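I set out to record two topics in this notebook: the largest pocket and the pairing of strands.

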Amino acid sequence: MAKAFKYGLKGITGYLEPAERELLRSLFTDVISMLEPEERANQDPLAALVGLDTEAREPSDRALRRLLPNVMKNDDEASLEFRRYTERSLRESKIGALKAAALGLDRDELLLTPADARHWSAALNDVRLVLAERLDIRDDADAEHVHLMQDWSQAEDVESYLALVYNFTTWLQESLVQAMLQSIEARG
């Protein structure tokens with residue numbers, strides 16, 4: 001069974017069982033595949049190099065929209081313009097954090113540097129955003145309903161399984177954030 005992240009003399013440490021590591025690896029890989037930009041045959045190499053995507057559009061997948069939201073709620077045109085200049089780099093940044101976190105999944109005992117902790121926190125957050133969208137969490141009541149699912153033996157369908165995975169990643173991220181805060185306090 002996983003052990004919460006803690007801050008101590010070694011830094012931020014945690015423990016994951018092999019099945020938990022494989023679950024996280026699978027989740028990270030799934031989110032990476034969602035974020036991978038489409039390859040276009042006629043793409044301008046210079047535009048790609050500087051991160052410009054003249055064909056960027058608002059994603060149709062709700063979960064991907066949570067990861068790559070519009071910046072201006074009431075101005076679709078301005079949001080699209082902003083998206084064209086920033087979406088590629090945002091995707092690459094998120095993919096980088098997910099890949100960096102996945103690299104740490106080769107060992108049961110996790111020892112995170114401050115940079116590793118930031119990557120893990122970002123990766124877990126993106127996984128949780130996708131899961132929250134798949135579970136249709138819109139408010140505190142929805143979140144409370146999902147939080148009630150705590151027993152793996154009661155996972156009877158996809159929704160209950162996703163709820164358990166969401167709760168696990170939430171717990172893991174909360175423990176990581178607490179350890180990160182403790183590390184900041186110890187340095188201050």
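How many nonpolar, polar and charged residues are in the lining of the largest pocket? I worked from a predicted model throughout. By class, I found 10 nonpolar, four polar and two charged residues in that lining.

Entry on the pocket. I looked up the volume of the largest pocket and obtained about 450 Å³. Its lining comprises 16 residues, and those closest to the centre are Trp152, Leu164, Asn167, Phe168 and Trp171. I then asked which elements give two or more residues to the lining, and noted α1 (18-35), α6 (140-147) and α7 (158-187). Helix α7 gives the most, with seven residues.

Entry on the first strand pair. I turned next to strand β1 (residues 3-8), which runs antiparallel to β2 and is joined to β2 by four bridges. I checked one position and found Lys3 opposite Tyr15 of β2. The two strands, β1 and β2, form a hairpin, with two residues between them.

Entry on the second strand pair. I followed β2 to its other partner, strand β3 (residues 109-112); four bridges join these two strands, which run antiparallel. For Ile12, I recorded Leu112 as the bridge partner in β3.

Entry on burial. Is strand β2 mostly covered or mostly open? I counted four buried residues among the five of β2 (residues 11-15), and I therefore entered the strand as mostly covered, with buried meaning under 20% relative accessible area.

Key:
Residues are numbered from 1 along each chain as its sequence is written. This is a predicted model: local features need pLDDT of at least 70, side-chain atom pairs count only at pLDDT 80 or more; totals for chains, interfaces and linings use all residues. Side-chain values use heavy atoms; hydrogens and water are left out. Buried means under 20% relative accessible area, exposed over 50%, partly exposed in between (1.4 Å probe, protein chains only). Two strands pair if DSSP finds at least two bridges between them. On a 1 Å grid over the protein atoms alone, a cavity is a set of points where a 1.4 Å probe fits but cannot get out, and a pocket is an open set with protein on both sides within 12 Å along at least five of seven lines; lining residues have an atom within 4 Å of a point. Grid points are joined across faces, edges and corners, and a volume is the space filled by probe spheres set on the points. Ala, Val, Leu, Ile, Met, Phe, Trp, Tyr, Cys and Pro count as nonpolar, Asp, Glu, Lys and Arg as charged, and the others, Gly among them, as polar.
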